[in-house]
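Got your viewer ready? Load the model and follow along, one selection at a time.

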Amino acid sequence: MELSFTLINTQNIEMVVRELLRYLESTDAEMKALCSSKIVLAAETYSPSIRWHLDVLLKILTIAGNNIRDDVISSTIQLISNSPQHEQRFITDKMWEAIMNMNQLENRQPLVQVAVWTIGEYGESGGFDEFELIEHYRQLLWAPQLSITTKQYILVSLAKISVRIDGCTPEIQNIINSFRVHMNIDLQQRANEFSQLFTNYKHLRNSLLEKMPKLKLTELTTSEYNADFASPESTEVEEQQEDPEAEQEPSNQDILLDLLGDCFSSDGNGNNALAVVPVSQPAAATTQPYYPTPTTSFNQAGLSSYNNNVPMAGTTDSIMDLLGLAAAAAAGTAPTAPNQTHQTIAYATSGTAASIPSIDVYHKDDIFIRFFIHPTVDEQQPSSTASARITVQTTNGSQATIEKFLFQAAVPKSFVLTLREPSSTVMPPGGTIMQDLLIARQTSPSHAGPGLRMKVRFSYEVENYSMMEQIDVNDFPSGFLR
């Protein structure tokens, strides 16, 4: 079958489709769905005439029955809508003949849906008796074997026939009124709405039930579907026009950077100002509750100043070296890497622990976010190597559990920001998540510019609802990281 569709062209389309329709009659249900969709796409691409195209679609609806995909129904309706008036008259008569036999309609409900849509839109051009038509619609609506979706199509079609064909409005109104007490709420609602168009809003019935405008062929039909039958040359040209450089979908970090303005944009080498580098925590840190103190960091590792003689790199290891995230620092020993020197900076003064300044960042919807500022600047070190740690404390003040909590942050490109792994992503009622932000300034004092500013975005899920907030944090202590 795949070979047959590959070989289809404008010269052999009629012969190949004729053989495929024969195959469609004998194949199983799964293959009927696939084969019918492929035939529809081939017919859209290589159809020699509208009449032939309409006839093929009608045969597909009749043969495949309920084993067709929704794209076949939509493609058929689109083609009928865009056909000339004489072709619409032709297909309306064909559709009426196709649904006359009630015994076969249970297994051909897509055919019934397309047929009643066509009759409802172009019923005035059909060559059938209107009273016979209304009686047949009554039988279809009360047929237990037809689905609710099919009956919705029929009810809408019946309302449209009332403005297409004169002389049958009272019978249509009686049928619609009988569905105002139907057990199905959708049919009941439709019937009550249409009933109002026959009584209180009679003057609006013609305008509301007028013919639909021509349906434009969707991009999905004209490009993606037809790509299976397009020539390789045209496909390559379209790909070059649409995606000359194979653009990648932007990440969450890129989207956040777009919101930050010029001072947060990437530099000339394409380096982003947002440097989010998750760093794994030691196992011991995840098993013990954390409370911010002046002498202990969240990850139990000391924070060191960086040797100004070592060039800055863009890798995770270099950033870790820049911020002194070495296990040896916790033990008071320096790492043995060549050409690098680190100096551990303590958080407490002699004899007395200094209090940690904090900033209340967010207090809304029972979410509380507070920044604890841990300055780690050694006054004997050059100010250009200033670094600090901020502990983010997020508390759930609601009675519901918060899940999938994600904290993101961005700073101007004169700083380097590293986000450590959070203590958790789930907050029970009253629970807290702790996360460290490691910040270092990478510009010299003469080019330091304004102080630290930060864009913060966080998202979470609560009771199956997804939430996202974005805020600006500009209230850092004066002289912080300067």
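Start with the whole protein coloured by burial: 44% of its 482 residues count as buried (under 20% relative accessible area with a 1.4 Å probe, protein chains only; exposed is over 50%, partly exposed in between). Before you zoom in, note that this is a predicted model, where local features need pLDDT of at least 70, side-chain atom pairs count only at pLDDT 80 or more, and totals for chains, interfaces and linings use all residues. Residues are numbered from 1 along each chain as its sequence is written, and side-chain values use heavy atoms, leaving out hydrogens and water.

Switch to cartoon and you'll have 18 helices and 10 strands to look at (DSSP runs numbered from the N terminus: helices are H or I with at least four residues, strands E with at least two).

Now select 148-164. That's helix 9, with 17 residues, reaching 24 Å from first C-alpha to last. How much of helix 9 is buried? 12 of its 17 residues are, so the rest of the structure largely encloses it. Show side chains for some of these, including Ile 154, Leu 155, Leu 158 and Ile 161; charged names such as Lys 151, Lys 160 and Arg 164 are on the buried list too.

What covers them? Add helix 7 (109-122), helix 8 (130-141) and helix 11 (185-198), which are among the elements there.

Next, pick 402-410 and 454-462: strands 6 and 9 run antiparallel, joined by 7 bridges. Click Gln 408 and look across to its bridge partner in strand 9, Arg 457. Finally, bring in strand 10 to complete an open sheet of 3 strands in the order 6-9-10 (strands pair if DSSP finds at least two bridges between them). Strand 6 and strand 10 (465-473) are the edges, each pairing on one side only.

Key:
Expected span 1.5 Å × (residues − 1). Contact = heavy atoms within 4.5 Å.
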